[in-house]
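Me: I am new to this structure and would like a close look at a single part of it. Please take me through that part slowly, in connected prose.

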Amino acid sequence: MMSPSKSSHASDAARYALLLQWGTRTGLLVLILTFTAYLLELTDPHVPLRLLSSVWDQPLARYLQLTATPTGWGWVSTARHADMNTLVGIALLATCSVPPLLAVIPLFLKRREFYYVGFCLLQVLILLTAASGLLSVWK
């Protein structure tokens, strides 16, 4: 028989895993749908296909300049374009561990396992800081 502590930790892991599974499946589905929309040319791309072959061999700075592609979170403003909206799926996949981490915090608080709460909050803080671009070295 499983001890109450092991049982509760299994419950925590199950909650985390379920939410992570849904997050990854959602991100993957969005990635597949947006890439399919790009291939089927359902919306206009940010970088026209006729221009793509002449710019994709350029250094990054030159490519960004020639295509007027924004950096950092600027991609959000171009997400309506077929070639850029695939980044929505990538962003979902990159952040899909945040909701599961936040969801297990109340379970840890209830059992007064503050070190796990701290680990979860630290992980979320690191993920959000990385996503924010605050520590970016790109100029």
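Reply: Arginine 112 sits in the loop between H5 and H6, and, in this predicted model, that loop is a good place to begin, with the two helices to follow. Although arginine 112 is not a glycine, its phi is positive, at about 60°. With a relative accessibility of 61%, arginine 112 counts as exposed, because the cut-off for that class is over 50%.

On either side of this loop are the helices themselves, H5 covering residues 98–110 and H6 covering residues 114–132. Two packed helices are described by the angle between their axes and the distance between the axes. For H5 and H6, the axes come within 9 Å and cross at roughly 160°. An angle over 145 degrees counts as roughly antiparallel, and H5 and H6 are therefore roughly antiparallel to each other. The handedness of their crossing is left-handed.

As for the residues that bring the two helices together, H5 contributes Val98, Leu101, Leu102, Val104, Ile105, Phe108 and Leu109, which meet Phe114, Tyr116, Val117, Cys120, Leu121, Gln123, Val124 and Leu127 of H6. Sorted by class, this contact has 14 nonpolar residues, one polar residue and no charged ones. To follow one residue across the contact, take valine 124, which, when its neighbours within four places in sequence are left aside, is in contact with Val98, Leu101 and Leu102.

Valine 124 also belongs to the largest nonpolar core, a set of eight residues that is completed by Val98, Leu101, Val104, Ile105, Phe108, Val117 and Cys120. The elements that give two or more residues to this core are H5 and H6, and the largest share, five residues, comes from H5.

For a comparison with the loop where we began, it helps to turn to another loop, the one between H3 and H4, where alanine 68 lies. The phi of alanine 68 is near 55°, again a positive value in a residue other than glycine, and alanine 68 is exposed, with a relative accessible area of 56%. Asparagine 85 is also found in the loop between helix H3 (60–67) and helix H4 (86–95), but asparagine 85 is buried, at a relative accessible area of 13%. Apart from neighbours within four places in sequence, asparagine 85 is in contact with Thr34, Thr43, Ala79 and Arg80.

Key: Residues are numbered from 1 along each chain as its sequence is written. This is a predicted model: local features need pLDDT of at least 70, side-chain atom pairs count only at pLDDT 80 or more; totals for chains, interfaces and linings use all residues. Side-chain values use heavy atoms; hydrogens and water are left out. Axes are lines fitted to C-alpha atoms, for helices over the stretch in contact, and angles run from 0 to 180 degrees between N-to-C directions. Helices (H or I, at least four residues) and strands (E, at least two) are DSSP runs, numbered from the N terminus. Angles under 35 degrees count as roughly parallel, over 145 as roughly antiparallel, 65 to 115 as roughly perpendicular and the rest as oblique. A crossing is left-handed if the near helix is turned anticlockwise from the far one by less than a right angle, and right-handed if clockwise. Contact means heavy atoms within 4.5 Å. Ala, Val, Leu, Ile, Met, Phe, Trp, Tyr, Cys and Pro count as nonpolar, Asp, Glu, Lys and Arg as charged, and the others, Gly among them, as polar. Buried means under 20% relative accessible area, exposed over 50%, partly exposed in between (1.4 Å probe, protein chains only). A nonpolar core is a set of buried Ala, Val, Leu, Ile, Met, Phe, Trp, Tyr and Cys residues joined through side-chain atoms within 4.5 Å.
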